[in-house]
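This report describes the overall build and the nonpolar interior of the protein shown below.

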Amino acid sequence: MKTENLTKKRILTGDNTTGRLHIGHYVGSLENRVRLQDEYETIIVLADLHALAYPKYVASPDIVSDSIFQVAVDNLAVGIDPDKSYIFPDSAVPEISEIALIFSMLISHNRALRNPTLKEEIRDKNLGDNFSVGFINFPILMAADILSVNADLVPVGEDQAPHLELAREIVQKFNNTYGGVFKEPEGLIGRVPRLVGTGGKAKMTKSLDNVIYLSDDSVTLKKQVMSMFTDPKRIHADDPGSVEGNTVFLYHDIFNSNKEEVAELKARYKKGTVGDVEVKEKLFVVLDNILSPIREKRKYYENHRDEVFDILKTGTLKVSEEAKKTLENMREKMKLPRFS
């Protein structure tokens with residue numbers, strides 16, 4: 001049972017509900033939120049409204065709806081403790097949408113379009129000019145999520161840092177125009193700002209199908225690892241190879257805690273005394289050991305769906321209370337009337 005601790009600072013972080021989470025999410029944000037949940041009151045948003053910013057998902061309500069459950073379970077499976085943290089879908093708190101609408105009046109269209117992450121997504125997803133107003137407003141909705149609960153800290157991946165910068169601009173604009181309501185949230189980038197995908201080069205992302213999901217079974221995981229890119233110039237196992245820019249060794253550096261083994265593999269690889277297969281098999285063992293307890297915990301929650309939905313109800317009630325207080329404070333400062 002949660003106990004209120006008014007001395008604790010607050011975290012707001014979250015994930016788009018566009019499918020299950022992968023190990024890029026793990027090292028980019030999930031690790032930090034699990035580590036900090038004892039120190040901070042932690043609130044995790046399941047960003048289902050954000051998912052609708054993408055053409056693929058606005059036309060796929062079943063995917064978005066199912067992903068609310070899947071992403072909640074992924075968070076619980078990696079170690080988010082429902083007795084210490086709150087999880088909620090942002091569509092369940094309508095006050096957040098009203099806050100986002102007000103914020104959108106404070107930001108110019110040109111400023112919204114200057115966001116480098118939005119530019120990258122338009123390019124990488126080949127959106128051309130086929131993107132919605134909601135897509136441009138995505139960072140403003142994220143700011144509303146954060147500021148609806150007046151979060152102190154926001155663990156994010158590197159690609160979300162520009163969104164957080166916009167949130168701070170909104171705080172300054174609102175406070176300077178109407179009077180102090182919000183504090184400026186700080187960001188916390190994960191230990192791996194952008195994990196390269198299994199195919200090398202591109203960032204790990206569901207849209208490119210270059211991912212290792214937290215829920216992948218051992219067979220699927222091994223298939224993904226054994227198909228990973230290594231040194232394209234290396235033809236035979238006894239050819240000297242390069243470890244720089246080598247995706248498999250990049251993953252060893254990030255995930256393999258046995259640094260002596262990694263150093264030995266690198267030395268042998270450079271000399272041509274170890275093949276790609278052995279290096280990949282050792283990486284598979286490392287990743288399988290990390291994902292195995294996550295899979296087991298995931299099975300528990302998959303078999304206790306009612307417990308997951310109770311957790312979401314509790315989180316929604318908590319955030320609704322906070323967002324209502326924030327919105328009323330904003331409306332009072334802005335002299336917006338209430339007749340009901």
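A nonpolar core is a set of buried Ala, Val, Leu, Ile, Met, Phe, Trp, Tyr and Cys residues joined through side-chain atoms within 4.5 Å. The model examined here is predicted.

In the largest nonpolar core, which has 49 residues, Phe103 and Phe174 touch the most other members. Helix H9, covering residues 138–148, gives the most to this core, namely eight residues. Leaving aside residues up to four places away in sequence, Phe103 touches Ile140, Ala143, Ala144 and Leu147, as well as Ile170, Phe174, Phe182 and Met330. Another core, of 48 residues, lies apart from the one that holds Phe103; among its members are Tyr26, Tyr213, Val243 and Leu265.

As for the fold as a whole, the protein contains 15 helices and five strands. Its radius of gyration is 22 Å, close to the 20 Å that the globule rule gives for 340 residues, so the protein is as compact as a globular protein of that length. Among contacts between residues at least 6 apart in sequence, 77% join residues at least 24 apart.

Further values for the whole protein are collected here.

| Property | Value |
|---|---|
| Span of the C-alpha trace along its principal axes | about 80 × 45 × 40 Å |
| Share of the 340 residues that count as buried | 53% |
| Exposed area of the protein | about 16,400 Å² |
| Share of the exposed area supplied by carbon and sulfur atoms | 52% |

Regarding charge, the protein has 46 positive and 51 negative charges, and the mean positions of the two sets are 3 Å apart.

Note on methods
Residues are numbered from 1 along each chain as its sequence is written. This is a predicted model: local features need pLDDT of at least 70, side-chain atom pairs count only at pLDDT 80 or more; totals for chains, interfaces and linings use all residues. Side-chain values use heavy atoms; hydrogens and water are left out. Helices (H or I, at least four residues) and strands (E, at least two) are DSSP runs, numbered from the N terminus. The radius of gyration is taken over C-alpha atoms; the globule rule is 2.2 Å times the number of residues to the power 0.38. Buried means under 20% relative accessible area, exposed over 50%, partly exposed in between (1.4 Å probe, protein chains only). Contact means heavy atoms within 4.5 Å. Accessible areas come from the Shrake-Rupley method with a 1.4 Å probe; for residues, only the protein chains shown count as cover. Lys and Arg count as positive and Asp and Glu as negative; His and the chain ends are not counted. The place of a charge is taken as NZ of Lys, CZ of Arg, CG of Asp or CD of Glu.
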